[in-house]
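Dear colleague,

I am handing over the structure below, and my notes on what was found in it follow directly after.

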Amino acid sequence: MGKKLIIWHGDLTSRRALIQRGLTFLSGGMLWLMLFLVIPSLVLVALSFASRGSYGEVIWNFTVENYERLMGFSAFGWTPDYLYILGRSVVVAFLTTLISVILAFPLSFFIASRPPRTRYLWLTLVIVPFWTNMVIRAYAWFLILAPELPFAKLAATLGLVPEGAALYPSVFAVYLGMVSMFLPFVVLPLYSSVERLDWSLVEAAQDLYSSRSRVFFKAILPQTMPGLSVGVVLTFVPAMGTFVVPDLLGGAKYMLVGNLIQQQFGASRDWPFGAAVSMALMVLTMISLQLYRRRGEEIELL
Amino acid sequence: MKATHPVITSLATMTMGFLYLPLFGVAIYSVNSAEKSLLWEGFTFNWYLQLFENEWIIQTAWNTLKLALVSTVIATILGTLVAIGINRFPWSRKANAFLDVLLHIPVVTPDIIMAGALVVAFGALRAFSDVFEPGMVNMIIGHITFQIAFVALVVRSRLASIGHDVEEAARDLFASNWYVMRRIMLPLMLPGVVAGAMLAFTLSLDDFVLSFFTSGPDSQTLPLYIYAAVRKGVTPEIHALSTLVVLITVVLVVGAERLGRKKEI
Amino acid sequence: MNTNKEKNLTIQNVVKTFGKVEVLKTVNQEVRAGEFFTLLGPSGCGKTTLLRIIAGLELPTSGKVILGGDDITSLPAPKRQVNMVFQSYALFPHMTIYENVAFGLRSRKIAAGEIQRRVAYGLEMMGLDPMKDRMPDQLSGGQKQRVALARALVNEPDILLLDEPMSALDAKLRARVQEELRQLQRKLGTTFIMVTHDQDEALVCSDRIAVMNEGQIVQCGSPEEVYDYPRNKFVAEFLGAANLLKAKRCEGGVSTDIGSFTLAKTPEWHEGLVAIRPEWIRIRESQPEQNGLLATIQDIVYRGTNFDLLLSPGALRVRTNSFKHFKVGDQVWLELPAKELVVLGE
């Protein structure tokens, strides 16, 4: 196009000048993202093929030993510890997402059916925990699960935990924490879809199908797919990488991939291995989302 | 809208209870005079008063605020410029797709990976300057990195809703580029910019992971402080502090909501 | 208000392509100073693009726009003494009505006193004075339109452009606003160029109408000319419900499926179309001397001030206001007067 003059929304200029002006606007932020996000991420990829020196420094020799270690191979033979952590993270993230979705549906329908005045109040009530600090929301469960309170006492009576013990750290506490952490991430986008639901389609489905579950899967679920998809992504991605909740509520017994990464960049100071675990987390997240996308399309096609 | 089934109503109320139960727990114990036990021993405001006498906590709160303010200001400026750059210029479809991906990277990357990448980046940059020692500067840089994208996305959607009509009308009424920017685009974008800034501010207050990875001994923030304290054992003082943080969140959320709704009328 | 009454606008060989699509194919048109000129056509015919080229919001791919002898083709919008009323009105939502109207004057840094005087006059003229401190979203559609008009007119433009100015108004209001617009233009003597797809609007307001189709001006003339004497099938059909008859040229006129008719002017083609407006077909008690036709009433449509009769053969439509004798099934004599039968070109 070169120097050819154009008029862009009333402004006489050339295409090149316009592009230059656009780039000026973009340059600051884009440079920043390049410098502190894109390049460091690429370095992280490279780092995962380096190795750790004896003082925690990085030795730039191309090796796949970090990945071998992640797969469980070491000088002492094969152990599935790290694979367990990876698998467990996927399972926790999956179940957290699933439970959140199941709980989010009644809540979204409930909010959408409120009169407009109170609807905003209910929405605000969902938004507040969304914005409340994770650390506070995680540790708050300490109080609820403390041995002095009815919940722990009930569990003790049922013989689930020893008398006088708290309900944390435990797998149960991790799930409790995770679901309460990520539930608002599903409710908010799902609600925006439910609000726009076309009820005439639901009524038509009620005429067609006798069972409630078929009405739900044929008429309601497809219509709420856009919001639900956003909610699932918003929940699954951070749930995969979370480390605050398992750290506070799961203790050392229930390590997730987030804790593993944190250890490597923190106490162990093994950056190359940390980078390799990060890569694994990224890949697992991408694969899961891809699988979900394919399933999601099937649901929409039904 | 259809009437809700009682089962749905009770499930919804229980879910809300589940979200709020822990927070209420913290609030209640923040005014319980028992120090060690979790049994109710009477109402007190002492824990709150103690907070304000604890210089370390005051310093930490100040750090949190400083981090949020500085990073928000810089991220809002950069993010707004990026949004204008993306929305108001005739980019090819490919360029648009590239910019879109770049903006969404910080949104979909697990924050722990971003934190890891930043640790590595600062480690390398330390070779050039002491500024990149763990501490406030690193934290600010880290926060800006994820805030930019959120601000840009919010402002961009606002810009998209403005359309090119008013811009053309202004030029038709003899306005220069600068005049259009100052009198039309900036005022019309402002609600989006404010919303983006509030989002960035809240994200910064909310962040734990990035701060945890990039902080130094002199740059503790409230979430870091609470985390460290909780690992040693919860105290009523921490409950009081947490309750205050939650209350500030409520004020911010309700304020943002009000602001957003007023602008819609 | 207008001081430059002698500025004619000439559009010379204007072509506009977007990528591979030719939106305007060599348009030539003169718009006289002080006239109300309308570009009429279906959506996608290029009329808005032509308007935007005149406004300076678009550059033609080739060709020239000349205003009062000056070539303004590559002059951008801010440098043209041409102002526009946008289809959406594009009022500035964050400014009061007063500030909206004053915008064009302020951006040119005109003296404060002068701004005040002209804005006050503009608000007064459009009856907006009582609401000058309101925001645009507190106004009705009709009021918004008047703000948009005032905002453009206080700049005393050589030409005022109006892009579908009625499309945001409801049907009832539209009829009144059309007449008001016409009166306003008469009073000011400013050149108005309006774009519309609504034939009523064009007929009510305009001194001259240019009918556009597929990037070209098909016919240009006074409302009476284009309505009564459409040049081709497109114009005849686009402007109201014309009766079209397939015809063959014969001695003294044409022969059609429903009979032979005498014409005022012999067609140049052997086979083609003739058209007649429903209101020009006469109903006779007995067989007329010329161009008569015996037809049966198939349907009667009540249209407020008049009635449409639908007749066979030929699915003819006749507009009349003396319906009382008729009922469905009646046979009547029709006369298709020779001077009202229009020969259509290609």
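In this predicted model, helix H2 of chain C passes helix H3 of chain C in a right-handed crossing. On the H2(C) side the contact is made by C:Tyr98, C:Val101, C:Ala102, C:Leu105 and C:Arg106, and on the H3(C) side by C:Ile115, C:Arg118, C:Val119, C:Gly122 and C:Leu123. Sorted by class, this contact of H2(C) with H3(C) has seven nonpolar residues, one polar residue and two charged ones. As for the geometry, H2(C), which covers residues 97-107, and H3(C), which covers residues 112-125, pack at an angle of about 135°, and their axes are 10 Å apart. That angle is why H2(C) counts as oblique to H3(C).

Helix H2(C) also appears where chain C meets chain B. There, 17 residues of chain C are in contact with 14 residues of chain B, and the elements of chain C that give two or more residues to its side are strand E6 (82-85) and H2. H2(C) gives the most, with three residues. The residues on the side of chain C that touches chain B divide into nine nonpolar, six polar and two charged.

Turning to chain B itself, this chain has 11 helices and zero strands, and its C-alpha trace spans about 75 × 65 × 30 Å along the principal axes. Of its 265 residues, 45% count as buried, and among the contacts in chain B with a separation of 6 or more, 78% are accounted for by residues 24 or more positions apart.

With best regards

Notes
Residues are numbered from 1 along each chain as its sequence is written. Chains are lettered from A and ligands numbered from 1 in the order in which they are written. This is a predicted model: local features need pLDDT of at least 70, side-chain atom pairs count only at pLDDT 80 or more; totals for chains, interfaces and linings use all residues. Axes are lines fitted to C-alpha atoms, for helices over the stretch in contact, and angles run from 0 to 180 degrees between N-to-C directions. Helices (H or I, at least four residues) and strands (E, at least two) are DSSP runs, numbered from the N terminus. Angles under 35 degrees count as roughly parallel, over 145 as roughly antiparallel, 65 to 115 as roughly perpendicular and the rest as oblique. A crossing is left-handed if the near helix is turned anticlockwise from the far one by less than a right angle, and right-handed if clockwise. Two residues are in contact if their C-beta atoms, placed from the backbone, lie within 7 Å. Ala, Val, Leu, Ile, Met, Phe, Trp, Tyr, Cys and Pro count as nonpolar, Asp, Glu, Lys and Arg as charged, and the others, Gly among them, as polar. A residue is buried if 20 or more other C-beta atoms lie within 10 Å of its own, exposed if 12 or fewer, and partly exposed in between; C-beta atoms are placed from the backbone.
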